[in-house]
Amino acid sequence: MSSDLSHLDSVGNARMVDVGDKPSTARTAIAEGRVTMKPSTLDLIRAGSLKKGDVIATARIAGVMAAKRTSELIPLCHPIALSKIDVDIQLSSDADPYVHITAEARTVGQTGVEMEALTAVSVAALTIYDMAKAVDREMRIEGIRLLSKTGGIHGDYRANDAEMRR
């Protein structure tokens with residue numbers, strides 16, 4: 001059984017990819033996502049009035065912590081020594097209420113950091129949901145995706161419609 005999926009062996013069994021012979025290169029990845037909500041929920045976040053505390057600071061820290069533990073959460077990911085993980089959280093206007101999250105991960109290594117950036121965004125979004133769910137259970141986590149990556153044998157990638165905010 002032949003597969004283009006690197007995490008499957010010749011007969012279709014899941015496996016961790018051997019990166020031992022790959023050269024170490026500088027690698028980056030940027031991911032994004034958003035949490036949509038009621039205008040009143042965004043107002044509470046903006047004012048810092050939710051009972052659980054500072055939503056933005058807590059979500060930022062949660063995203064950083066999650067990126068550092070990606071290999072413990074995603075079964076076939078390699079542990080990576082991150083040289084940078086930055087989680088940026090921006091509040092939208094009241095007319096279109098959402099919280100936008102971007103994460104940038106960097107390393108010098110034999111495998112990429114896409115999963116670390118995506119994990120950071122995902123956990124930051126889940127943290128925002130958790131902290132605001134008492135006032136808005138209709139929030140939606142949406143649009144989590146890779147915006148760009150650099151480094152590695154597959155070359156650079158940039159989403160066609162990516163509006164780079166960095």
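**Helix α2 and the five-stranded sheet, by question and answer**

Author: In this predicted model, strand β4 (residues 140-150) and β5 are joined by two bridges and run antiparallel.

Reader: What makes β4 and β5 count as paired strands?

Author: Pairing requires at least two bridges between two strands, and two bridges join β4 to β5, so the requirement is met. In one of the positions concerned, K149 has Y157 of β5 as its bridge partner.

Reader: Which order do the strands of the sheet follow, and what makes β2 and β5 its edges?

Author: The sheet is open, and its five strands are ordered β2-β3-β1-β4-β5 with antiparallel pairing. Because β2 and β5 (157-158) each have a single partner strand, one side of each is left without a neighbour in the sheet. Helix α4 packs on this sheet, where it touches β1 (25-36), β2, β3 and β4, and the direction of α4 makes about 150° with that of β3.

Reader: How do you know that the length of helix α2 agrees with its number of residues?

Author: Helix α2 (residues 55-68) has 14 residues, which at 1.5 Å a residue should span 20 Å; since the end C-alpha atoms are 20 Å apart, the two values agree. These buried residues belong to α2: V55, I56, A59, A62, G63, A66 and A67.

Reader: How do you know on which side of α2 the buried residues lie?

Author: They cover an arc of only 130° around the axis, and therefore they are on the same side of α2. On the other side of the helix, I61 and K68 are exposed. The buried residues of α2 pack against α1 (39-47), α3 (70-73), β2 (84-91), β3 (98-109) and α4 (114-132).

Reader: What makes D54 a cap of α2?

Author: A side-chain oxygen of D54 lies 3.2 Å from the backbone nitrogen of I56, and because a polar contact needs N or O atoms within 3.5 Å, this pair qualifies at the N-terminal end of α2.

Reader: Why is M65 called partly exposed, and why S40?

Author: The class lies between buried, under 20%, and exposed, over 50%. M65, in helix α2, has a relative accessible area of 48%, so it is partly exposed; S40, in helix α1, is at 43% and therefore counts as partly exposed. From C-alpha to C-alpha, M65 is 9.6 Å from T119, although 54 residues separate them in sequence, while S40 is 8.8 Å from V135, with the two 95 residues apart in sequence.

Definitions and conventions:
Residues are numbered from 1 along each chain as its sequence is written. This is a predicted model: local features need pLDDT of at least 70, side-chain atom pairs count only at pLDDT 80 or more; totals for chains, interfaces and linings use all residues. Side-chain values use heavy atoms; hydrogens and water are left out. Helices (H or I, at least four residues) and strands (E, at least two) are DSSP runs, numbered from the N terminus. The expected span of a helix is 1.5 Å times one less than its number of residues. Buried means under 20% relative accessible area, exposed over 50%, partly exposed in between (1.4 Å probe, protein chains only). The arc is that of the directions from the helix axis to the C-beta atoms. Contact means heavy atoms within 4.5 Å. A polar contact is a pair of N or O atoms within 3.5 Å; within protein, one must be able to donate a hydrogen and the other to accept it, and residues adjacent in sequence count only if both atoms are side-chain atoms. Axes are lines fitted to C-alpha atoms, for helices over the stretch in contact, and angles run from 0 to 180 degrees between N-to-C directions.
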